[in-house]
Amino acid sequence: MERDALGVRPESDGLGERPEADALGVRLKAYEGAPAALAGAGKDPVNAPMIRHWCEAMGDTSPAYSGPDAIAPPTMLQAWTMGGLSGHEARTGAYDELLGLLDASGCTSVVATDCEQEYLRPLRPGDRVAFDSMIESVSDRKTTKLGTGYFVTTRTDVRVDGDLVGTHRFRILKYAPARRKAPAPRPRPVVNRDNAGFWQGVADRRLLVQRCTDCGTLRHPWLPGCNACGGPDWDTVEASGAGTVHSYVVMHHPPFPAFTESDQGTGTAGPYAVGLVELAEGVRMVSNVVGVPYDKVRIGLPVRVEFRTYEDTEGALVLPVFRVVEGEG
């Protein structure tokens with residue numbers, strides 16, 4: 001059975017039915033040809049500052065996009081039609097109704113798959129664009145690597161003074177996520193010849209810090225040579241594990257099933273705190289801060305290392321985390 005790059009099975013709806021037996025698909029196809037936006041207008045005329053910002057972001061140094069005879073990069077076509085956070089008054093309800101049907105059917109996830117643009121003439125500073133959008137097509141139900149759902153294509157015709165200057169087609173997949181066969185394993189640290197000693201210490205429940213044997217400077221992370229004197233020789237000292245939170249971030253996105261608030265003691269999936277901990281020995285180390293909810297972590301909070309064993313499909317993994325000292329959270 002052939003598949004495309006997304007793993008689509010075009011001849012199947014993912015549930016063992018032929019596409020023609022898909023009642024939802026019939027309802028969705030009724031929206032083909034319906035307007036998604038009517039008599040829309042660009043919020044700003046084509047202008048040099050936006051062209052400059054675009055070219056700087058894209059690294060495009062073409063002389064065609066600057067000077068008195070400048071044109072806008074053709075690939076900016078969609079940029080002149082965007083409504084920003086406030087949206088466009090020209091938007092109709094048909095597209096929202098279509099997406100609502102998909103959400104109600106369980107196709108709650110979305111991914112943009114591709115776009116196509118056609119350019120009929122260049123846009124120049126001062127041009128004011130108008131546009132109309134329509135729902136061009138809704139596919140039969142498809143099964144992909146991401147899940148089962150429908151491809152929805154919209155087409156936007158862009159005009160200046162009534163003349164068509166370009167067309168933009170945008171395609172998304174609205175789908176019901178496929179169930180994972182097993183929970184995602186926790187990412188493994190990259191172990192190499194420079195840091196193997198540190199991770200061996202962790203496996204032995206010891207927090208080892210490198211020390212230069214020439215100048216005595218402690219360093220972390222582990223390096224092949226001293227960053228203070230350049231000396232290549234070193235030994236280790238075992239850190240006490242005591243430290244304070246020097247800085248921290250709270251990770252909200254992207255969510256990752258292997259990291260949960262169970263480390264913070266709430267037992268539910270959600271944000272977690274990652275701290276830059278300054279050890280009593282003077283070096284700093286990055287790891288999770290545990291023992292309190294993520295929103296209770298503060299700079300200066302005293303912590304102590306704790307070695308935790310995580311079990312998943314790849315086996316046991318020992319990692320150092322830093323628990324807030326009891327009574328100080």
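Which residue stands opposite threonine 244 in strand 13? The partner is proline 302, and this pair is a handy way into the barrel, which comes up in point 3 below. Here are my notes on the structure, point by point.

1. **Model and confidence.** Please keep in mind that this is a predicted model. Its mean pLDDT is 88, and 87% of the residues reach 70 or more. Two stretches deserve a cautious eye. Residues 10-20 stay under 50 in pLDDT, and the model gives them 19 contacts beyond four places in sequence. Residues 261-268 are also below 50, with 25 contacts in the model beyond near neighbours in sequence.

2. **Overall make-up.** The protein has four helices and 14 strands. Of its 329 residues, 38% count as buried. If you take the contacts between residues at least 6 apart in sequence, 66% of them join residues at least 24 apart.

3. **The barrel.** Five strands form a closed barrel in the order 10-11-12-14-13, and their pairing is mixed. On average, neighbouring strands here are turned by 50° against each other, direction ignored. Strand 10 (residues 242-251) is joined to strand 13 by three bridges, and the two run antiparallel; the pair from the opening question, threonine 244 and proline 302, belongs here. Strand 10 also pairs with strand 11, again in the antiparallel sense, over eight bridges. In that pairing, methionine 251 has tyrosine 272 of strand 11 as its bridge partner.

4. **Strands 13 and 14.** Strand 13 (residues 302-312) and strand 14 (residues 315-324) run antiparallel and are joined by 10 bridges. They make a hairpin with two residues between them, and tyrosine 310 stands opposite leucine 317 in strand 14. Strand 14 is mostly covered, with seven of its 10 residues buried. The parallel part of the barrel's mixed pairing can be seen where strand 12 meets strand 14: two bridges join them, and they run parallel. There, valine 289 has phenylalanine 322 of strand 14 as its bridge partner.

5. **Helix 4 and the largest core.** Helix 4 (residues 196-203) lies across strand 12 (284-290), strand 13 and strand 14, at about 85° to strand 14. The largest nonpolar core has 23 residues, and those touching the most other members are Leu207, Leu279, Val289, Val303 and Phe322. At least two residues of this core come from each of helix 4, strand 7, strand 11 (272-279), strand 12, strand 13 and strand 14. Grouping of this kind fits a familiar pattern: in soluble globular proteins, nonpolar side chains tend to be buried together.

6. **A closer look at valine 303.** What does valine 303 touch, not counting residues up to four places away in sequence? Its contacts include Val277, Val289 and Phe322, as well as the run Gly241, Ala242, Gly243, Thr244 and Val245. Arg323, Val324 and Val325 are also on the list. Two of these contacts, Val289 and Phe322, are named with Val303 among the core residues that touch the most other members, and they are bridge partners as well.

7. **The three-stranded sheet.** A separate topic is the open sheet of three strands, ordered 8-7-9 with antiparallel pairing. Strand 8 (218-219) and strand 9 (234-238) are the edge strands, each pairing on one side only. Strand 7 (residues 208-212) pairs with strand 9 in the antiparallel sense over five bridges, and glutamine 210 stands opposite threonine 236 in strand 9. Strand 7 is also one of the elements that supply at least two residues to the largest core.

8. **Helix 3 and the second core.** Why do the buried residues of helix 3 line one face of the helix? Helix 3 (residues 94-104) has Ala94, Tyr95, Leu98, Leu99, Leu101 and Leu102 buried. Seen down the helix axis, these residues fall within an arc of 155°, so they line one face. Their cover includes helix 1 (23-29), strand 1 (35-41), strand 3 (129-138), strand 5 (147-160) and strand 6 (163-177). Just after the helix, glycine 106 takes a positive phi of about 100°. As for cores, a second one of 17 residues is separate from the largest core and includes Ala94, Leu102, Tyr150 and Val152.

Technical notes. Residues are numbered from 1 along each chain as its sequence is written. This is a predicted model: local features need pLDDT of at least 70, side-chain atom pairs count only at pLDDT 80 or more; totals for chains, interfaces and linings use all residues. Side-chain values use heavy atoms; hydrogens and water are left out. Two strands pair if DSSP finds at least two bridges between them. Buried means under 20% relative accessible area, exposed over 50%, partly exposed in between (1.4 Å probe, protein chains only). The arc is that of the directions from the helix axis to the C-beta atoms. Contact means heavy atoms within 4.5 Å. Axes are lines fitted to C-alpha atoms, for helices over the stretch in contact, and angles run from 0 to 180 degrees between N-to-C directions. A nonpolar core is a set of buried Ala, Val, Leu, Ile, Met, Phe, Trp, Tyr and Cys residues joined through side-chain atoms within 4.5 Å. pLDDT is the predictor's confidence in each residue, from 0 to 100.
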